[in-house]
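Me: I would be grateful for a close look at a single part of the structure shown here. Please treat that part in its surroundings, in one connected account.

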Amino acid sequence: MKVLIIGCGRVGSTVAKRLFSEGWDVTAVDEKEGALSRLGEDWTGDFVVGHGMDTDVLREAGIDDAEAVVVATDGDNTNIVIGQVAQKRFGIECTVVRILDPARAEFYRQRGLRTVCPTSTAIDVLTEAVRSCEIRREPEQVKT
Amino acid sequence: MYVLIAGGGKAGANVMRTLLRNSHEATLIEQDRDRFERLEAEFEHQAMLGDATEIYVLEKAGIRRPPDLVLALTGDDEDNMVICQLAKEKYGVSKVIARVNDPRNQAHFDLLGISPTVCATSSIMGLVEHEVPEHELVHLLELRKENLEIVEVQIDKGSPVAGKKVESLSLPEGARLISVMRDGRSEIAVGATELQPGDQVLAILQPGKEDELRRVLLKR
C-alpha cells in the first residue's frame with residue numbers, strides 16, 4: 001500500500017516514519033531538500049523535492065498509484081487546496097488534511113474532507129487536563 | 001453594490017478606489033500591517049486589517065450580508081481559492097472573481113469551480129503569442145464554461161487549403177471556421193468562402209483539437 005506525505009516537517013516526517021515501519025510504501029514530499037534529514041539517515045522510503053500544489057510533483061511522487069495521502073505542510077490553505085486536489089482530481093478517498101484553524105477545519109470537514117485539527121485537540125486535552133487535576137483547596141480562613 | 005475585496009496590493013487598492021469613485025460600497029481586507037496603514041490613511045474605516053481566509057475576519061467585514069461580489073485578489077493562490085470557497089459555499093455569495101498568480105494553479109481553480117478567474121501572466125502570454133508570428137495558431141479566447149476556444153491561423157502559400165472553398169475542407173470534428181480577414185476586411189466564413197494565402201482565419205474549436213486543425217489548414 002502506497003501513501004504520500006505532503007509536507008515533511010515535524011509532523012509529516014514522523015507520520016512517514018511510523019507508516020513506513022508498519023509496512024507502507026511511503027513517499028515524502030517537501031519543497032525543501034533539507035527536510036529529508038528529518039526522516040533520519042537510514043530512511044529507505046522515497047523523497048521528492050517539490051511543492052505539493054504542483055501536480056507534476058504529485059505525479060512524480062506516485063499519486064496515481066497511492067491509496068492514501070497525508071497533507072501536513074505549514075500552511076492551512078495550502079493543505080486545504082492540496083487535499084481537495086488529491087481527493088477530487090486523483091480520487092484518493094483516504095486523504096487526510098491537517099488544518100490548524102478550527103473554523104476552517106470544521107467547514108471543510110462538513111464538505112467531506114477528512115480534516116485533523118491539532119488546535120481543537122489541544123484545546124480539548126488541555127481543558128480536560130485541568131478538570132482532572134486534584135486541586136487541594138486551601139482551608140478557608142476563619143474570620144476572627 | 002456592496003463589494004468585499006481581499007488583498008490590498010496594487011490590484012486590490014486600485015479596484016477599491018475605482019469602486020468607491022463609482023459610488024459603490026466596498027470593504028478592503030489586507031493582512032500586512034504596513035500596507036494596511038497606508039490603505040487606512042486613504043480608505044479609512046473601509047480598510048480592514050486581517051487574514052481574509054479567517055472566518056471571523058470575513059464576518060467582521062460583512063460577509064454575512066452577503067456582498068454582491070467578492071474579489072479574491074491576494075498574492076496567494078491558495079488563499080484566493082479558500083476565500084472564494086468560503087464566500088460561495090458558506091455564505092452564499094453569488095458572484096466571486098479570483099486572481100490567479102501562478103498560471104499553473106489555474107487547473108486547481110477550475111477543479112474547485114471557482115470562476116471567473118483573472119491571470120495576468122496568461123493574459124500577457126496570450127498577447128505575446130499574438131505578436132509572435134511563428135506561433136502558427138494563436139489562442140485568442142478561451143470559453144471555459146462552453147469548453148471551446150477561439151484561435152487565429154494565418155494561411156500561407158504552402159498551405160494545402162489555399163485556393164479551396166471552406167465547404168470542401170475536411171475539418172476535424174469539433175472545429176469550425178468563423179471568419180476570414182483579408183486586406184484589413186473581415187467576413188464570415190461560409191461554405192463558398194475561398195481561402196487565399198495571407199488570409200487570417202478565426203476558428204472555434206474544442207480544446208485539444210489544435211493539432212488536427214493545424215494539420216488540415218497548414219499541413220504541419
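The part I have in mind is strand β1 of chain B: is it mostly covered or mostly uncovered, and which strands pair with it?

Reply: The account below begins with the strand, moves outward to its chain, and ends with the other chain. The model is a predicted one, and every value that follows is computed from it.

Strand β1 of chain B spans residues 2–6 and is mostly covered, since 4 of its 5 residues are buried. Two strands of chain B pair with β1(B). One is β2(B), residues 25–30, which runs parallel to β1(B) and is joined to it by 5 bridges. The other is β4(B), residues 69–72, where 4 bridges link the two strands, again in the parallel sense. In general, the strands of a sheet pair through backbone hydrogen bonds, and the pairing may be parallel or antiparallel.

Ala6(B) illustrates both pairings. Its bridge partner in β2(B) is Ile29(B), while in β4(B) the partner is Ala72(B). The link between β1(B) and β2(B) also involves a helix: together with α1(B), residues 10–21, the two strands make up a β-α-β unit that is right-handed.

Within the partner strand β2(B) lies Glu30(B). This residue counts as buried because 27 other C-beta atoms lie within 10 Å, against a threshold of 20 or more. Apart from neighbours within four places in sequence, the contacts of Glu30(B) are Gly7(B), Gly8(B), Arg35(B), Phe36(B), Leu39(B), Ala47(B) and Leu49(B). Lys90(B), by contrast, is 60 residues from Glu30(B) along the chain, and 21 Å separate the C-alpha atoms of the two.

The chain around these elements contains 7 helices and 11 strands. Of the 220 residues of chain B, 32% count as buried. The radius of gyration of chain B is 23 Å, whereas a compact globule of 220 residues would have one near 17 Å. Along the principal axes, the C-alpha atoms of chain B fill a box of roughly 65 × 30 × 30 Å. Among contacts in chain B with a separation of 6 or more, 54% are between residues 24 or more positions apart.

Chain B also touches chain A, in a contact that takes 15 residues from chain B and 16 residues from chain A. On the side of chain B, α4 (77–90) and α5 (106–111) each supply at least two residues. The largest share, 6 residues, comes from α4(B). By type, the residues on this side of chain B divide into 7 nonpolar, 3 polar and 5 charged.

Chain A has an open sheet of 6 strands with parallel pairing, in the order β3-β2-β1-β4-β5-β6. Its edges are β3(A), residues 46–49, and β6(A), residues 114–116; each has a single partner strand, so one side of each is left without a neighbour in the sheet. On average, neighbouring strands of this sheet are turned by 20 degrees against each other, direction ignored. The edge strand β3(A) is joined by 4 bridges to β2(A), residues 25–30, and the two run parallel. One residue pair in this pairing is Ala28(A) with its bridge partner Phe47(A) in β3(A). Helix α3(A), residues 76–89, packs on the sheet and touches β1(A), β4(A) and β5(A). The direction of α3(A) makes about 175 degrees with that of β5(A).

Notes: Residues numbered from 1 in each chain as written. Chains lettered and ligands numbered in written order. Predicted model: local features only at pLDDT ≥ 70, side-chain atom pairs only at ≥ 80, totals over all residues. Buried ≥ 20, exposed ≤ 12 C-beta atoms within 10 Å, placed from the backbone. Pairing = 2+ DSSP bridges. Right-handed = clockwise from strand over helix to strand, strands pointing away. Contact = placed C-beta atoms within 7 Å. Nonpolar A, V, L, I, M, F, W, Y, C, P; charged D, E, K, R; others polar. Rg over C-alpha atoms; globule rule 2.2 N^0.38 Å. Axes fitted to C-alpha atoms, helices over the stretch in contact; angles between N-to-C directions.
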